[in-house]
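Thanks for making time for this. I would like to go through one structure with you, taking the aromatic contacts to begin with and then the two ligands.

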Amino acid sequence: MRIEPRVKGFICTTAHPEGCKAHVKQQIDYMKQQDTTEGPKSVLVIGASSGYGLASRIAAAFSCRAATIGVAFEKAARGSRTATAGWYNCAAFEEFAAAEGLYAKTINGDAFSREIKEQTIELIRRDLGTVDMVVYSLAAPRRTVMSREGAPITYSSVLKTVGQPYTSKSIDLRTNQVTQVTVEPATEEEIDNTVKVMGGEDWQDWIAALDEAGVLADGAVTVAYSYIGPELTFPIYRNGSIGMAKRHLSQTAATMTKEYRDRGLQAYVSVNKALVTQSSSAIPIVPLYISILYKIMKEMDLHEGCAQQMYRLFHDKLYSGEVALDQDGQIRLDDYEMRPEVQERVMKLWENVCDENLQESADIQGYWDDFYALFGFRIQGVDYEADQEADRVIPSLC
Ligand code: NAD
Ligand code: NA
C-alpha cells in the first residue's frame, strides 16, 4: 500500500517504514562523520526507539562501537494499520548495526514492569555478561505498578502548572494559528502521580534490579534526561508538574551515585535542548517556543538535532575525562539554547508574535518538517509514491 501521513493534532497515526529507515540512517551517517568516542562497550537504552533514546543508542553504537540492547514500547503493523514509527526505527537500527557487525537487540514491552526488567537481565546475562552504561530515556503518559497484594495501580502524568493557572501564547497545531491557552494547576494527587511516572523511581528500580542480578559492570555510567528552558515556560515546565518529576529524577541521580559508591556507579541527569519529538509536541506552549528557537538557532548556526546533542553528550561530556556539571550537579547540553544572545532574540520575537507575523517570527516549516520526519514522512530521497509493505520485522524479536 501507499502510506500517507494522517495527522491529528500533535500525533500522526501512520508511519512510513522506508522514511523511518532513512531518518535513522541520517542520524547514523552524522555520527559516523564525527571523531569516534572512547566510550562504553555494552549499553542498555531504556526508551530506545525514538527521540533522545534512539539518538543515544546511535551514539553508543556508531561513535563508541558498543553493543546495545534497546527497550521500547511499540506496536507492529496490523491489518490496515502501519506499525508505530518506533517499531520501524528499531527494525532499521538493528539492520544497520548488523551490517557493521555491531550487536543490537530489542526488547519490546512495558519498561515499568517487572517482566520486562527480568527479560532484559536474562538477555544481558546471556549475550553481554554486564552493561557498562544505562540510558534512561522514557517519556510515558502512564505507569502501572503492582501493589503488594498483586493488584495493578495505574498512575497518569499531567502537563499542568503547580499553584496558579498560567495563560500564555501558544500555537494551535491544527491551524498554525497563534492562540491563547490557559493551563490549569494540577492537584496534589496529579503532581504525585506525575512524579511516579516521570520521576526517578523506576530508573532506580532498573539500576537496583541490574545490580542485584550482577549484570551491572563496576564503574558503570547511567544517565537520564531533563529539560529546563526559558522563564516563559517555567510555569508549565520547570515549575510545573513535569518539573516536579524532573526534580525527583535529579535527586535520584545524586542518591544512586551515593548508594552505589562502592560499585563506582556514576548517575547523571543531562539537561537537553528543546526539540520536536512525539513527547514535546504534546506540551502546551512549548511548540511555539520551539519554532521560534529553531528560527534563531538556525540563523546563528547553533541548531542541533537529537543526534548532534547525543554526540556531544557522549564525546564531549560523559567520555572526555572530567564530567562538567552545573551548580545543581547536572550536565548542560542546553548550553547553546540558553546562551543570553539566543534567548534575548527569542524573547523579542515571542513578545511580538501573532498570526500576521507567525511565518517570519517562527520556523513553522522547520517545526513541521521535524514533526513529519518523526513518522518517516517528508524525508529526502524517499519515494512516497512506491508501494510499501507495512509489515517489517525487528530481527531480534523473531
Ligand atoms: P520520545 O517520545 O521520542 O521517546 C520516548 C521513548 O520511551 C520511546 O522509545 C518509547 O517507546 C519509550 N516508552 C514510552 N513508554 C514506555 C514504556 N512503558 N515502556 C518502554 N518504553 C516506553 O521522547 P523524548 O523526547 O526523546 O524523551 C526522552 C526523554 O528526554 C524524556 O525524559 C524527556 O523528558 C527528555 N527530554 C526531552 C526533550 C525534548 O525537547 N524532546 C528535551 C529535554 C529532555
Ligand atoms: Na527517547
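Let me start with a question about two phenylalanines: are Phe 371 and Phe 375 buried or exposed? In this model, which is a predicted one, Phe 371 is buried and Phe 375 is buried too.

The wider setting is that the structure holds twelve aromatic pairs. One of them brings together Tyr 52 and Tyr 225, and because the ring centres are 5.9 Å apart with the planes at 55°, that pair is classed as tilted. Tyr 52 belongs to helix H2, residues 51-64, while Tyr 225 belongs to strand S11, residues 216-226, so the contact ties together parts that lie 173 residues apart in sequence. Both of these tyrosines are buried. Coming back to the phenylalanines, Phe 371 and Phe 375 also make a tilted pair, with 5.2 Å from centre to centre and 55° between the planes. They belong to a cluster, linked by ring pairs, that takes in Tyr 367, Trp 368, Phe 371, Tyr 372 and Phe 375.

Tyr 372, from that cluster, has the charged end of Arg 378 sitting over its ring, 3.7 Å from the centre. A similar placement involves Arg 312, which lies over the face of Tyr 336 at 3.8 Å from the ring centre.

Now to the sodium ion, ligand 2. Its protein donors are Gly 47 through O, Ser 50 through O, Gly 53 through N and Ser 137 through OG, and they lie 2.7 to 3.2 Å from the ion. Along the sequence, these donor residues follow the spacing G-x2-S-x2-G-x83-S. Why is the arrangement irregular? The six donor atoms around the sodium ion subtend angles of 66 to 178°, and an octahedral label would require every pair of donors that is not opposite to lie between 65 and 115 degrees and opposite ones to be over 155 degrees apart. As for the accessibility of the donor residues, Gly 47 counts as buried because its relative accessibility is 12%, whereas Ser 50, with a relative accessible area of 29%, is partly exposed.

Ser 50 also leads us to ligand 1, since a polar atom of its side chain lies 2.9 Å from an oxygen atom of that ligand. Of the 30 residues around ligand 1, those that come nearest are Ser 49, Tyr 52, Ala 111, Thr 277 and Ser 279. Among the polar contacts, an N or O atom in the side chain of Glu 74 is 2.8 Å from an oxygen atom of ligand 1, and a polar side-chain atom of Asp 110 lies 3.0 Å from a nitrogen atom of ligand 1.

Notes. Residues numbered from 1 in each chain as written. Chains lettered and ligands numbered in written order. Predicted model: local features only at pLDDT ≥ 70, side-chain atom pairs only at ≥ 80, totals over all residues. Heavy atoms only, no water. Phe/Tyr/Trp six-rings, centres within 6.5 Å; stacked < 30°, edge-to-face > 60°. Helix = DSSP H or I, 4+ residues; strand = E, 2+ residues; numbered from the N terminus. Buried < 20%, exposed > 50% of the residue type's maximum accessible area, 1.4 Å probe, protein only. Lys NZ or Arg CZ within 6 Å of the ring centre and 35° of its normal. Donors = N, O, S within 2.8 Å, 3.2 Å for Na, K, Ca; no water. Tetrahedral: all angles 85-135°; square planar, octahedral: opposite > 155°, others 65-115°. Near = heavy atom within 4 Å. Polar contact = N/O pair within 3.5 Å; in protein donor to acceptor, adjacent residues only side chain to side chain.
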